[in-house]
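Student: I would like to learn how the terms used for a protein model are justified. Could we go through some of them together?

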Amino acid sequence: MAMGTLRAPPPLHPCTSFLNSPETTPKSCAASFLRQRKTKIGYLALRRSLTDGNKNKGGVRSSQDGSSIIEGGKKAEGFLLGAERDAVSGSVVGFHLIPPPGDSKVIDSKDKLATDREEVAEVIGGEGKVLTRVTHSIVFVTAEAAPYSKTGGLGDVCGSLPIALAARGHRVMVVSPRYLHGGPSDKKFAGASEVGSPTKIYCFGGEQEVGFFHEFRAGVDWVFVDHPSYHRPGNPYGDKFGAFGDNQFRFTLLCHAACEAPLVLPLGGFTYGEKCLFIVNDWHAGLVPVLLAAKYRPYGVYKDSRSILVIHNLAHQGVEPAVTYNNLGLPLEWYGAVEWVFPTWARTHALDTGKAVNVLKGAIVTADRILTVSQGYAWEITTAEGGNGLDELLSSRKSVLNGITNGVDAAEWNPSLDEHIPSNYTIHDLSGKVECKIALQKELGLPIRPDCPLIGFIGRLDYQKGIDIILSATPELMEEDVQFVMLGSGERQYEDWMRVTEAHYRDKYRGWVGFDVPISHRITAGCDILLMPSRFEPCGLNQLYAMRYGTVPLVHGTGGLQDTVENFNPYAREGLGEGTGWTFSPLSRENLLAALKIAIQTYREHKSSWEGLMKRGMERDCTWDKAAVKYEQVFEWVFIDPPYVI
C-alpha cells in the first residue's frame with residue numbers, strides 16, 4: 001500500500017486522550033504549551049452594571065458605554081480581564097481575570113471578545129463565580145443532514161449535533177447539497193431562500209457555477225449548495241440502478257463550495273470569516289482539509305482555521321482512477337496527498353498498475369484531528385481487520401485520533417412524547433409499552449399475545465448488518481414460542497427472503513420491505529428485544545433508540561455496539577443485576593441463537609430482572625448535549641497545534 005508523499009505533522013502535546021481517561025483535562029494538558037507561546041498585550045475592562053437592578057442577573061450583557069481595552073492594566077471600576085495573545089499569530093489564547101476590591105454582581109462582556117471568537121460565559125453558581133469558555137465559528141460539511149436529506153446515521157448526526165453545539169453558544173453553519181427530486185420531498189427545502197450571488201468553482205477542467213440557499217433554523221445556518229447535478233431522482237448517492245457515475249464531481253463541487261461559503265455568504269449580516277473550524281464528514285467532504293492546505297493557506301487564507309475529519313464509515317473512501325486527479329482542482333504537487341495504490345491481488349488484470357486517488361486518505365493525511373463515532377470504532381480502524389486498507393496510515397495518526405459516541409435526538413426519540421406510537425409511557429409507568437406491543441401485533445396481523453417475546457430488526461438488508469446470519473438462524477428461532485418482525489430494504493435476495501419467510505411463518509414472522517419512519521418508531525416501542533448482529537458498526541443508533549424505549553438490545557460485540565450496550569449480569573449488585581442488554585462474539589449463527597435463547601428465558605422467567613434491564617436502558621444518558629461537551633474538548637485541542645502544512 002502506498003502511503004503517499006505527504007505526512008501528518010508530529011503532535012506538539014503528549015496528552016493522553018480524555019476520552020479514554022476521564023480524569024485527564026485538556027485544559028491542564030494545554031496550559032504548559034500555551035504559557036510558552038502567549039504574550040500579554042493588555043486588559044479588557046468588564047464593568048459592573050450599576051443601573052439595571054436585577055435585569056439579566058447572573059448573566060452576561062453587552063457593554064453599553066463602548067469602553068475599549070485598557071492598556072497596561074490601568075485601574076477601572078469592575079473586573080479586569082487580561083487578554084493573552086499568541087506571539088506568532090496574534091490570536092487570543094486565554095484571559096486573565098483580575099477581581100477588584102469589593103463585590104461584583106453582574107459582569108458585562110465586550111464586543112472585542114466576539115471579534116476574537118472568545119466569549120465570557122454567564123456567571124455560574126452564584127455571585128462572583130465566572131467561567132470563561134471559547135466559542136467557535138463551526139462549519140459542518142456533509143452529504144446529508146436530517147431532516148433535509150437522510151439515508152442513515154450520517155444524516156442524523158449532521159442534523160442534530162450542529163443544533164446541540166449552537167445551543168452551547170457556537171456559531172454553526174451546515175453545508176450540504178440542495179437535493180431536488182421533483183416530488184413531495186422537495187418541500188423540505190421550501191424554507192430556504194437564495195443568498196449571495198452565484199459563485200464560480202474551478203474544477204473538472206473548467207468553471208462551474210453554484211448557488212447558495214440558506215435557512216436559519218434552531219440556531220443553525222443551514223446552507224445548501226445548488227447545482228443541476230443535485231437535481232435528480234434517487235437518494236444522495238444513487239438510484240435503483242446503483243451509485244451515480246458522477247459522484248466524484250458532485251462531492252468535489254460540494255467541498256469547493258463549502259470552502260467558499262464562510263468567505264462570501266453574509267449570513268446574519270456578516271460572514272463567518274477565515275478563522276473557522278471545519279468539521280468534515282466521511283469521504284464526501286474529505287477534500288475540504290486538502291483544499292485548505294493546498295489552495296488557501298499558501299496565499300494566507302484560512303491560516304488560522306482548523307479541520308476535524310469525522311469518520312462515520314471507513315468502508316466508503318471515494319476511490320477513483322488516478323487520471324481523475326486533475327478533476328479535483330488541486331495543484332499538481334499535491335497528488336501524493338490522495339495517491340492510492342491497490343495491492344496486486346485487488347487489481348483487475350496483469351497490466352493494471354493499481355494507481356488511484358483516494359479522497360478519504362487525503363483527508364486523513366491533512367486533517368488536524370480525526371474522530372470516529374465511537375471509541376471502539378476508533379480502535380478497530382487501526383487494525384488490519386477493520387482498517388479497510390487504511391489501518392497503517394490511521395495508526396500513524398493515533399495521537400490525533402479519538403472516538404466520541406453519537407447521541408440521540410431526545411425530542412424525536414422520547415416515548416413519553418412520541419406522536420408515532422399509540423400510547424406514551426415513561427420509566428415510572430411502563431403500562432403504555434404493553435399497549436404499544438398489542439397495537440403493533442394488530443397492525444402487523446400477528447396473534448395478539450402480550451406475553452409472547454416480540455423480537456425486532458430495523459436496518460439495511462446487507463452483509464454489514466449480518467442479514468445472512470439472521471437468515472440462517474431464523475428456522476431454528478421459529479421453533480421457539482416467539483414473534484419476529486423485520487423492517488428494512490437493501491439487497492434483492494434478502495427482500496425476497498423476507499417475503500418467503502413471512503408466507504411460511506404466518507403466525508410468527510412479518511417482513512416490512514422498505515423504510516418508514518412512523519413504523520420504525522412503533523417497532524422500537526412495541527418490541528421486547530431489538531436484534532443487531534452487525535459485522536461492524538461504527539456507532540449504531542437503533543440500539544440507543546431501543547434503550548430509550550425500554551426495548552432490550554441484543555447485539556454483536558463490535559464498534560459502537562460494544563461501547564453502548566452493557567452486557568447483562570444477573571448476579572451483580574447482590575442479585576439486583578446490571579447491564580442494559582446482551583452482547584455476543586464472535587459473530588456466528590450459533591452464538592446469535594444462544595444469546596437469543598438466554599434473552600427469551602430471562603423475559604419469560606425473570607420478570608424483575610427484565611424490568612431492571614428496561615429501566616437501566618431508559619436511564620442511560622445518550623443525548624447530543626453529552627456528546628457536544630466532548631466535541632468541545634476536542635475543539636480545544638485542535639487549536640493547540642498549528643494547522644497542516646507541507
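Student: Which residues touch the most other members of the largest nonpolar core?

Tutor: This is a predicted model, and in its largest nonpolar core, which has 103 residues, Val 141, Phe 212, Phe 278, Val 288, Leu 309, Ile 311 and Ile 364 touch the most other members. The largest share of this core, nine residues, is supplied by helix α4. Another core, of 65 residues, lies apart from it and includes Leu 541 and Trp 582.

Student: What makes Val 195 a contact of Phe 212?

Tutor: A contact requires heavy atoms within 4.5 Å, and Val 195 is listed among the contacts of Phe 212, as are Val 223, Ala 257 and Leu 265, once neighbours within four places in sequence are left aside. Val 195 also stands opposite Phe 212, which belongs to β11.

Student: How do you know that β10 and β11 are paired?

Tutor: Pairing asks for at least two bridges, and eight bridges join β10 (residues 193–203) to β11 (residues 206–217), so these antiparallel strands count as a pair. In their hairpin two residues lie between the strands, and Phe 204 takes a positive phi near 55 degrees.

Student: Why is the lining of the largest cavity called free of charged residues?

Tutor: Only Asp, Glu, Lys and Arg count as charged, and the lining consists of Gln 248, Phe 251, Thr 252, Cys 255, Trp 283, His 284, Leu 287, Leu 328 and Val 359; therefore the classes come to six nonpolar, three polar and no charged residues. Helix α4 (residues 247–264) gives the most to this lining, with four residues, and the cavity holds about 50 Å³ of space.

Key:
Residues numbered from 1 in each chain as written. Predicted model: local features only at pLDDT ≥ 70, side-chain atom pairs only at ≥ 80, totals over all residues. Heavy atoms only, no water. 1 Å grid on protein atoms, 1.4 Å probe; cavity = no way out; pocket = protein on both sides within 12 Å on 5 of 7 lines; lining within 4 Å. Points joined across faces, edges and corners; volume = space filled by probe spheres on them. Core = buried A, V, L, I, M, F, W, Y, C linked by side-chain atoms within 4.5 Å. Buried < 20%, exposed > 50% of the residue type's maximum accessible area, 1.4 Å probe, protein only.
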